[in-house]
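Hi there,

Here is the structure I promised to pass on to you. Please open it alongside this email, and I will go through what turned up.

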Amino acid sequence: MPEQIFTNARMVLADRVITGSLVVTNGLIRDISETPSRLPGALDLEGDYLMPGFIELHTDNLEKHMTPRPKTDWPTFAAVIAHDSQVAVSGITTVFDALALGDVNQGSTRIRKLGDMIKGIGDAADDGLLRAEHFLHLRCEVSYPELPEALDGNVGNPRVRMLSVMDHTPGQRQFAKLEAYYIYYQGKYGMSDSDMEIFIADRRRDQQTYGERHRRHVVAAARQHGLALASHDDATPDHVAEAVADGMTVAEFPTTVEAARAAHQAGLHVLMGGPNIVRGGSHSGNVSARDLAAAGILDVISSDYVPHSLLHGAMLLFDDMEAITLPQAIAMITRHPAESVGLTDRGEIAIGKRADLVHVHHSLHHPVVRAAWSQGRRIA
């Protein structure tokens with residue numbers, strides 16, 4: 001790969017922004033200078049930002065491409081390629097595809113298509129067809145009766161780098177308010193009130209029967225395979241204490257300020273959704289990600305179900321909050337997620353790191369990704 005030079009770039013480093021030039025050799029950052037390059041082959045960014053490649057830890061965006069409309073299945077390989085393309089043009093160079101092992105609805109697409117999605121990602125990557133680098137994040141629903149078998153059948157896949165423990169039982173965590181549970185699942189499945197009563201009773205029974213036993217199984221699997229482990233929807237300090245005891249490093253989508261603060265103080269990386277920031281609040285009526293950022297207890301942003309919300313959310317925090325600098329905002333989508341899952345070769349613009357880079361134009365209306373590179377190879 002020939003040497004690449006970027007010039008007249010406002011480079012977002014870990015602690016400051018500098019204007020100058022950057023040199024890439026063999027997919028790695030070789031030199032950073034505050035002096036513009038005058039070499040004819042240099043790419044002139046004309047004062048736009050050059051940022052580290054974005055790192056996404058939790059997105060179920062692939063599921064939308066697998067089922068673009070209700071009851072409409074899409075070919076798996078085509079769905080993977082479409083998902084990857086959307087991720088890349090959003091500036092995401094490393095993505096953890098969050099695939100659910102289990103669901104509250106036993107016949108859901110995410111259960112039926114799990115094997116197809118895992119195989120599709122692997123085959124597309126092996127054939128060199130993907131732009132971003134894809135890892136797997138297995139979301140383990142502890143009340144799912146067949147969770148141990150599903151996990152044991154997939155945890156040995158070398159693309160699996162992260163597990164999370166989920167519990168969507170009504171009346172706690174994400175759905176502490178039953179009203180929100182009714183709104184979400186009646187809207188999703190069109191159930192009547194009487195159907196919902198039966199549905200809720202069944203979900204509570206499953207949680208009592210399987211929840212703790214399956215949680216222990218997931219934690220043991222993460223330790224055995226050396227995988228990053230995340231809690232999900234912590235609502236209380238007791239939930240956080242349990243996460244700490246189980247060796248978790250990420251607290252995904254805590255639902256209260258108290259839980260988020262306890263997680264942050266315990267050293268877990270608090271992760272919230274970019275859509276929460278963009279929309280100004282949680283779709284489930286839980287804590288605002290902006291409130292956590294203002295309190296200094298937000299560490300990682302995830303695009304969740306809208307890939308471009310990763311950059312959009314980070315830039316909104318920088319634009320709207322005087323206390324948050326641009327390097328601090330961008331660290332939430334680069335350096336911090338890399339640190340939380342042990343990816344030491346990327347996540348910042350520094351000599352010797354991977355040349356995962358994003359050219360961003362920050363207009364008055366919206367941040368725009370102009371181009372992206374993975375190990376020096378242009379992907380968008």
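Below are some notes on the chain as a whole, followed by three residues that I would like you to look at.

Please keep in mind that this is a predicted model.

**The chain as a whole**

The protein chain contains 14 helices and 16 strands. Its radius of gyration is 21 Å, close to the 21 Å that the globule rule gives for 380 residues, so the chain is as compact as a globular protein of that length. If you are setting up a box, the C-alpha trace spans about 70 × 45 × 40 Å along its principal axes.

Of the 380 residues in the chain, 56% are buried. Among contacts with a separation of 6 or more, 65% are between residues 24 or more positions apart. The chain exposes about 15800 Å², and 50% of that comes from carbon and sulfur atoms.

On the charge side, there are 35 positive and 48 negative charges in the protein chain. The mean positions of these two sets lie 3 Å apart.

**A buried acid**

Which side chain of opposite charge is nearest to Asp-97, and how far away is it? It is Arg-159, at 8.6 Å. A salt bridge here needs a side-chain nitrogen of Lys or Arg within 4 Å of a carboxyl oxygen, and Asp-97 has no salt bridge although it is buried.

Asp-97 is part of strand β7, which covers residues 92–101. Leaving aside residues up to four places away in sequence, Asp-97 touches three histidines, His-83, His-134 and His-137. Thr-59, Ile-121, Phe-135 and Leu-136 are also in contact with Asp-97.

**Two backbone angles to look at**

Most residues other than glycine have a negative phi. With that in mind, here are two residues to check in your viewer.

Asn-8 has a positive phi of about 50°, though it is not a glycine. You will find Asn-8 in strand β1, residues 4–12. Is Asn-8 buried or partly exposed? With a relative accessible area of 28%, Asn-8 is partly exposed.

Gln-375 is the other one: its phi is near 50°, a positive value in a residue other than glycine. Gln-375 sits in the loop between β15 (367–374) and β16 (377–378). At 39% relative accessibility, Gln-375 counts as partly exposed.

That is what I have for now. Happy to talk any of it through whenever suits you.

Best wishes

Definitions and conventions:
Residues are numbered from 1 along each chain as its sequence is written. This is a predicted model: local features need pLDDT of at least 70, side-chain atom pairs count only at pLDDT 80 or more; totals for chains, interfaces and linings use all residues. Side-chain values use heavy atoms; hydrogens and water are left out. Helices (H or I, at least four residues) and strands (E, at least two) are DSSP runs, numbered from the N terminus. The radius of gyration is taken over C-alpha atoms; the globule rule is 2.2 Å times the number of residues to the power 0.38. Buried means under 20% relative accessible area, exposed over 50%, partly exposed in between (1.4 Å probe, protein chains only). Contact means heavy atoms within 4.5 Å. Accessible areas come from the Shrake-Rupley method with a 1.4 Å probe; for residues, only the protein chains shown count as cover. Lys and Arg count as positive and Asp and Glu as negative; His and the chain ends are not counted. The place of a charge is taken as NZ of Lys, CZ of Arg, CG of Asp or CD of Glu.
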